[in-house]
Amino acid sequence: MACQSAEIFKTFLESKDLEATMVDDEHNVLRIGVGLNNTQLAIYFQFGDDDADVHLEGRQFAQIPKDQIEKIYKICNSINDAFRFTKFVWDEDADDLCCRIDGVIQLDSCAEEVFELMARMASIVDEAYPRIMKALWA
């Protein structure tokens, strides 16, 4: 059974006509797909068992060719310096550029808090995406 904060957030998203999928009930992980101006983003939400924290991970927003992976570390440093709240990392295990946010939440306001974190992540990814592509191909 998912924790209360995951259930509350899922219900909140549904009230906004956004569909979230429970991808791992044991670890309280939800997934939502978001269409942005410059790319698409899959956001995974992992809620703490104590309903006091959440980890957001954005994935699948930039396809990085294998011959360009060495550039990505410098790009991550640059965009991490340019943006607050979200950190960009190269996940070697998944061969994927991802972004992450961690937040402390309260059960009575978690839906709005997590939604705000999601909106910030989406905005930052959308703004960073052209910089990433320019740095890869310039």
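**Entry 1: the loop after α2**

I started at Phe-85, which lies in the loop between α2 and β5. I am working from a predicted model, so I keep that in mind throughout. The phi of Phe-85 is near 80°, a positive value in a residue other than glycine. I paused there, since most residues other than glycine have a negative phi. Is Phe-85 buried or exposed? Neither label fits: Phe-85 is partly exposed, with a relative accessible area of 46%, and the buried class needs a value under 20% while the exposed class needs one over 50%. I then looked at what sits over the ring of Phe-85 and found the charged end of Arg-120, 4.2 Å from the ring centre.

**Entry 2: helix α2 itself**

Next I walked back into α2, residues 69–82. I checked its length: with 14 residues at 1.5 Å a residue, the helix should span 20 Å, and its end C-alpha atoms are indeed 20 Å apart. Which residues of α2 are buried? I noted Ile-69, Ile-72, Ile-75, Cys-76 and Ile-79. These buried residues pack against β5 (87–91), β6 (96–104) and α3 (110–137).

On the other side of the helix in sequence, I looked up Gln-60, in the loop between β4 (53–59) and α2. Gln-60 has a positive phi too, near 60°, and is not a glycine. With 43% relative accessibility, Gln-60 counts as partly exposed.

**Entry 3: the β5 and β6 hairpin**

I followed the chain into β5 and β6, which pair in the antiparallel sense over five bridges. As one register check, I took Lys-87 and found Arg-100 as its bridge partner in β6. Four residues lie between the strands of this hairpin, and Asp-95 takes a positive phi near 50° there.

**Entry 4: aromatic rings**

How many aromatic pairs does the structure hold? I found four. Phe-9 and Phe-47 are one of them, a tilted pair at 6.0 Å centre to centre with 50° between the planes. This pair links distant parts of the chain, with Phe-9 in helix α1 (residues 4–15) and Phe-47 in strand β3, 38 residues apart. Both rings came up as buried: Phe-9 has a relative accessible area of 0%, and Phe-47 has 2%.

I then turned to Phe-12 and Phe-115, an edge-to-face pair with centres 5.5 Å apart and 70° between the planes. Phe-12 is in helix α1 and Phe-115 in helix α3, so this pair ties together parts that are 103 residues apart in sequence. Phe-12 is buried at 18% relative accessible area, whereas Phe-115 counts as partly exposed at 23%. The 20% cut-off falls between those two values. I also saw the charged end of Lys-16 over the ring of Phe-115, 5.5 Å from its centre.

One more note on rings: Phe-9, Phe-45 and Phe-47 form one aromatic cluster.

**Entry 5: Asn-38**

Last, I looked up Asn-38, found in the loop between β2 (29–35) and β3 (40–47). Asn-38 is partly exposed, with a relative accessible area of 40%. What does Asn-38 contact, leaving aside neighbours within four places in sequence? I listed Asp-126, Tyr-129 and Pro-130. I also checked Val-125: it is 87 residues from Asn-38 in sequence and 8.8 Å away in space, C-alpha to C-alpha.

Terms used:
Residues are numbered from 1 along each chain as its sequence is written. This is a predicted model: local features need pLDDT of at least 70, side-chain atom pairs count only at pLDDT 80 or more; totals for chains, interfaces and linings use all residues. Side-chain values use heavy atoms; hydrogens and water are left out. Helices (H or I, at least four residues) and strands (E, at least two) are DSSP runs, numbered from the N terminus. The expected span of a helix is 1.5 Å times one less than its number of residues. Buried means under 20% relative accessible area, exposed over 50%, partly exposed in between (1.4 Å probe, protein chains only). Contact means heavy atoms within 4.5 Å. Two strands pair if DSSP finds at least two bridges between them. Rings of Phe, Tyr and Trp (its six-membered ring) pair if their centres lie within 6.5 Å; planes under 30 degrees apart count as stacked, over 60 as edge-to-face and the rest as tilted. A charge sits over a ring if NZ of Lys or CZ of Arg is within 6 Å of the ring centre and within 35 degrees of the ring normal.
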